[in-house]
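Please open the structure in your viewer and keep the selection tool at hand. The tour goes from stop to stop, saying at each one what to select and what can be found there.

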Amino acid sequence: MGNDITTINNGATFVEAVLRRRSVRTFNGLRPDGATMTRLKEFARESAELRPGDPQFLALFSRPEIILTEDNRGVDTEDEKPEKLGAYGMVKGARCYAIGACADGFGEQLATGYAFERFVLSCTEAGLGTCWLGATFTRSRFQHYFDSYSKDARQKMSVRVVSPVGHDAPKQRWGERILRHMSKSDSRKSFNELFSGVAAPPEGMAKKIVSGEILLQEIERDGIIAFALEMMRLAPSSTNSQPWRATVTPQERVTHVTLHSVGQGGRFTLIDMGIGLLHFTETLRLGGRSFDSRLKLNRGNAIIDIDIR
């Protein structure tokens, strides 16, 4: 069964969010107000749900869950002193965190990356700063918090990722600039290093889509595939490793795309693949393209075959 698109939206907002999103590690120290927290909870719930246009194979895996902390304090302990949630000094001024968790399983990890990036981009669209954290946070305290407030106590879920959420501080810390340099946050491999069988989209195309000069749904099939891969290229990943590759094979009625991960199936490879996959398929969806998709998992690596009409 294919992903038949019945409603076409203007993709300008999504593309703008991809271009604007950056890792924010210094916040203004203020807790999001009540209305913002309500919106964030809606983003979290909606991001974890399957929606039309998502890859079919995601339905095979249990859904991840995303919850919001009410402050940067955790659950009260027996001595009545609350645990402090944090990121070992890597994040300053954050008063709210999003926690992404899932059941054990390779497919569940990919689904978590997919859902959490949807949440992150929703925050970006709303003018809020975020920062993907996969390792540098007090994991046991975040796990304790998640276990205490999770809506689904029927299955054990492990915290995989967290992100501070809030408004940026007016000025970046010196330490934040150093961290961005160390993590290569502003560096990306070229289109031709990552993808084969298709030419890179024209320079400046993304800005024309944001301005409304070009509409995603008016781009021909191979053009929207190239642009979807460009959106994938711009996706965040652990240490900016960009572990995704793609081969494009045009056919008579469909264009076949094979996405696959590279490396030895590291700790965050499948989460990163989920992030990149969200960028790719969301661009196709907003461009009005339907597709069939199949997933093969081999330990910590993934091969995704997609036939795009």
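The stops below cover two groups of strands, the nonpolar cores and the cysteines.

Before starting, keep in mind that the model is a predicted one.

**The four-stranded sheet**

Begin by selecting residues 97-102, which form strand β4, together with residues 158-166, which form strand β6; these two strands pair in the antiparallel sense over six bridges. Within this pair, look for Ala101, which stands opposite Val159 in β6. Now widen the selection to the open sheet of four strands, where the order is β1-β4-β6-β5 and the pairing is antiparallel. At its edges you will find β1 (65-68) and β5 (129-130), each of which pairs on one side only. Next add residues 34-48, which make up helix α2: this helix packs on the sheet and touches β1 and β6, while its direction makes about 170° with that of β1.

**Around strand β9**

Move on to residues 255-261, strand β9, which is mostly covered, since six of its seven residues are buried. Which strands are joined to β9 by bridges? One is β8 (residues 244-250), which runs antiparallel to β9 and is joined to it by seven bridges; β8 and β9 form a hairpin, with four residues between them. To see one bridge in this pair, select Thr247, whose partner in β9 is Thr258. The other is β11 (residues 301-308), also antiparallel to β9 and joined to it by six bridges, and here His260 stands opposite Ile303 in β11.

**The nonpolar cores**

From β11, select Ile304, which, leaving aside residues up to four places away in sequence, touches Phe57, Leu110, Val257, Thr258, Leu259, Met273, Leu277, Arg294 and Leu295. Ile304 belongs to the largest nonpolar core, which has 68 residues, and it is one of those that touch the most other members, along with Leu40, Leu110, Phe119, Leu229, Leu259, Phe280 and no others in that listing. Apart from this core lies another, of 19 residues, and you can locate it by selecting Leu85, Val91, Phe137 and Phe142, which are among its members.

**The cysteines**

Finish with the cysteines, bearing in mind that a search of the whole structure finds zero disulfides. Select Cys123 and Cys96 together: the sulfur of Cys96 is the nearest cysteine sulfur to Cys123, yet it is 8.4 Å away, and Cys123 is in no disulfide. Is Cys123 buried or exposed? Its relative accessibility is 0%, and therefore Cys123 counts as buried. Cys131, the last residue to select, likewise counts as buried, because its relative accessibility is 1%.

Key:
Residues are numbered from 1 along each chain as its sequence is written. This is a predicted model: local features need pLDDT of at least 70, side-chain atom pairs count only at pLDDT 80 or more; totals for chains, interfaces and linings use all residues. Side-chain values use heavy atoms; hydrogens and water are left out. A disulfide is a pair of cysteine sulfur atoms within 2.5 Å. Buried means under 20% relative accessible area, exposed over 50%, partly exposed in between (1.4 Å probe, protein chains only). A nonpolar core is a set of buried Ala, Val, Leu, Ile, Met, Phe, Trp, Tyr and Cys residues joined through side-chain atoms within 4.5 Å. Contact means heavy atoms within 4.5 Å. Two strands pair if DSSP finds at least two bridges between them. Axes are lines fitted to C-alpha atoms, for helices over the stretch in contact, and angles run from 0 to 180 degrees between N-to-C directions.
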